[in-house]
Structures are given as C-alpha cells and as structure tokens.
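Dear colleague,

I am handing over the structure we spoke about, with its sequence, so that you can look at it yourself before reading on. Please find my notes underneath.

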There are 2 protein chains.
Amino acid sequence: MTTQEEKTRRAELITAASRLFKEQGYERTTVRDLAQAVGMQSGSLFYHFRTKEEMLVAVMAAGIGELTDRLEEALAEAKTPLEKLKTVFRVHLDTLLGDDKGALSVLLYEWPSLSDKARTELIKLRDAYERDWQQVLDEAAAAGLVHSDTRLLRKLLLGGLHWTIQWYKADGSSSPKELADRMLELVLKK
Amino acid sequence: MTTQEEKTRRAELITAASRLFKEQGYERTTVRDLAQAVGMQSGSLFYHFRTKEEMLVAVMAAGIGELTDRLEEALAEAKTPLEKLKTVFRVHLDTLLGDDKGALSVLLYEWPSLSDKARTELIKLRDAYERDWQQVLDEAAAAGLVHSDTRLLRKLLLGGLHWTIQWYKADGSSSPKELADRMLELVLKK
DNA sequence: CCTACCGATCGGTAGG
DNA sequence: CCTACCGATCGGTAGG
C-alpha cells in the first residue's frame, strides 16, 4: 500500500529531478545530486524508484501530461478555428517558457537516454498531444487560415516552438504569449 | 610539428567520434569506445586530443564548418531571391538528413556538454551560418516572398529544420530536397 | 529511510 | 602510440 507521505516524497523527488535534469542533463545528474536535493541519502532513492531511469520516465510523463491537460482545458473554451489556433501556440509557449520547471524541456531533449520500452510508453503520450495539434491545424486549414499540408506544418511548427528554449530569454522583449502570437503570424494566410 | 600521418589519424578519430556521439550521445560514449573504433588503446587517444571534450569541440566545429562552406558555395550560384531561398532550405536538409555522418546532429544537440569557453568559440561559427540565412531571408522579404519579421522567421525555420532529425526516415516518401521544397512552401507568401 | 558498502567503469596519466 | 595503472565516481544493494 502506498501511503500519502510516500506519494508526497515521490512528488518532491520528481520536482527536484525535473530541475536537475533540465539544468545538468540526465546523464550528468547523479543519484547523489538527486538525493541531496530533497535531503536524503543516495541509497534511499531506491526505496522510491527502482532505477534512475524510472525517475526520468516519471519526469517526462509528468511534463507531457501537464501540457496535454492544459491544452485540452484551454481548447474547450475556444470557439472559432482562429481562436483554437491561437490557443495551441500560446499554451505551448506559456508552458515551455513560462511555467515549466523543467519537465517539459527534459521531455524534449532526453529521448536518447530512454530504454526502448520506456520510449514506447512515452511516445503514446506525446502522440495524444500531437493529435490535438493536428485537429486544430486541420480545422484551420479547412477555414483557409493556414496551408493545407497540415501534417508537415505541424512538424515544422512544433520543431520551431520546441527550439525556442534554446534561445528565449525570459528578460527579453516578448512574453511567451506575445511570442506565440508573432509566430502564428508567420504561417497565417492573409 | 604535426606530420601528415598524425593529421590523418586525427581526422579518423573525428569521423569515428561524430558517428559515436550521434548514435550514443557524448556522455554515454567512453574514451574506450572511441579508441576501439579506430583500433587503438584508450590511453593513446590522449596523444591526439588533450581531453574528451576537445574531441567534441572538433566534431562540432567540423559540422558547422562544412555546413557553412556548402551553403556559401551553393549561394554563389543562386541568382534570384527565390533561388537563394530554395538553396538555404535544400542545403540545410541535404546536409543534415542526407550526407551527415553525425557531426551536424552532434552540433545541434550537445551544446549542454560544452564548457563555457568552448561554447563561446562555437557560437561564433554558428552565428556566421545564421547570418547567411538572415541575409537570404531579408532579401526574400524585400521581394515580398516571405513575412517581414525575418529574425523570428529565421528562428522558427531553423528550429523546424533542426527538428527534422527527430522524425525523418530516410526510407520515407520524401527526399531531403523534396522535403525542403515542401517546407519552404509553408512560409511562402503567394 | 539510513548505514555501509560493492563491483564496475570512468577520464586521464607516467614512462617508455 | 602501448602498457600499466590510478583516483574518483558511478548506479545500485543488503540488512536493518
């Protein structure tokens, strides 16, 4: 049986792991770093997780899960194809550049560290998110708002949005929301 | 003095390192893997490179250097803004998805493994490449071919193009060149 | 969750 | 470029 305290401790570990994996990368983060971040001994980690990789999977699943939840919640309130289009851009950049404590960045950049089995599991979660995007793009294309090659458009856009963590500075000129709107402009058919 | 044989050996090591770093990642590749790939003892690596990181820098510098050379060569033959635009897309995807033996992928995804000093050096090389892109986009915008927010457009496009290694399959429907043309279509103002 | 520890492996070096 | 090696560190475990 899993007690409430164990769940809390586990959640703390995932939060710490998100931050550390983002800052230092998964491979360069040691189990000792992780343990120290929550004030326990390194051996005690393995009471909560069987392996270090299990922590990575938990972080990545949390990242994509929260992103998908946010998107579907926001989409439920959007009416027109244009509103929905704005929503997918904004939620993505808001989450990635604004509120993300690391889980989402880790999701994007640590795929090579996963075992095949774990990868398969996470791909399913990622696909659910991309399906939501696809649907919004298809509606937008039907309304003449964007180019009709929506599958490639989705890939181009998601790549371009993912890449923002490499250059976006929070102190800069644009907020994530403004940036989202400007990026949408670039592919909108007038 | 550096003899011809030493240069050759060094080049072999860089080639092997490109492949291994791409396949396994820099952190997961050991000096023993690298030595074995060229048939030497692990200690002997350090006759050619002072540290493992120096090998990473060499790989990344080779990746961005070759890409920039190719681009400038191809641009010299392009006349119109539209031709130049096609060229930057094609050279990028051709190199990344077609001929790259790993150096370019490593360049894109191993930044976090670099020391600050090495990073600064490589950023200069990368900026030279991006300046070429910027110039082509500016000309295209002046000719009314693309959106005028060319700085953001450059970032969106380079991100989207970089990301193709995550999903492109060589056996698939489109060649790198065809893919380049289709992607360009997505941001072309009609 | 801690204590105490292990076997494996890591990047790198000295001396030839 | 090889031989022989080193100190440090790694993920993980047994027993409580």
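To begin with the DNA, a phosphate oxygen of DNA strand D is 2.8 Å from a polar backbone atom of Lys52(A), where a polar contact is a pair of N or O atoms within 3.5 Å, with the added conditions that within protein one must be able to donate a hydrogen and the other to accept it, and that residues adjacent in sequence count only if both atoms are side-chain atoms.

Please keep in mind that this is a predicted model, in which local features need pLDDT of at least 70 and side-chain atom pairs count only at pLDDT 80 or more, while totals for chains, interfaces and linings use all residues. Residues are numbered from 1 along each chain as its sequence is written, chains are lettered from A and ligands numbered from 1 in the order in which they are written, and side-chain values use heavy atoms, with hydrogens and water left out.

DNA strand D

There are 14 residues around this strand, and those that come nearest are Thr30(A), Lys52(A), Arg9(B), Ser44(B) and His48(B), a residue being near a strand if one of its heavy atoms lies within 4 Å of it. Of the atoms of DNA strand D that come within 4 Å of the protein, sugar and phosphate account for 57%. Phosphate oxygens of DNA strand D also lie 3.5 Å from a backbone N or O atom of Thr29(A) and 2.5 Å from a side-chain N or O atom of Ser44(B). Helix H2 (31–37) of chain A and helix H3 (45–48) of chain B each supply at least two residues of the surface near DNA strand D; helices here are DSSP runs of H or I with at least four residues, strands are runs of E with at least two, and both are numbered from the N terminus.

DNA strand C

Around DNA strand C there are likewise 14 residues, of which Arg9(A), Ser44(A), His48(A), Thr30(B) and Lys52(B) come nearest. A polar side-chain atom of Arg9(A) lies 2.9 Å from a phosphate oxygen of this strand, and a polar backbone atom of Lys52(B) is 2.8 Å from a phosphate oxygen of DNA strand C. Helix H3 (45–48) of chain A and helix H2 (31–38) of chain B each supply at least two residues of the surface near DNA strand C.

Chain A as a whole

Chain A has nine helices and zero strands, and its C-alpha atoms fill a box of roughly 60 × 35 × 30 Å along the principal axes. Of its 190 residues, 49% count as buried, that is, under 20% relative accessible area, with exposed meaning over 50% and partly exposed in between (1.4 Å probe, protein chains only).

Two residues of chain A

Thr68(A), which has its place in helix H4 (residues 52–77), counts as buried because its relative accessible area is 10%. Leaving aside neighbours within four places in sequence, Thr68(A) is in contact (heavy atoms within 4.5 Å) with Tyr129(A) and Asp132(A).

Ser174(A) lies in the loop between helix H8 (150–162) and helix H9 (176–187), and at 12% relative accessibility Ser174(A) is buried too. Not counting residues up to four places away in sequence, Ser174(A) touches Tyr168(A), Leu179(A) and Arg182(A), and a polar contact of 3.1 Å joins the side chains of Ser174(A) and Arg182(A).

With kind regards
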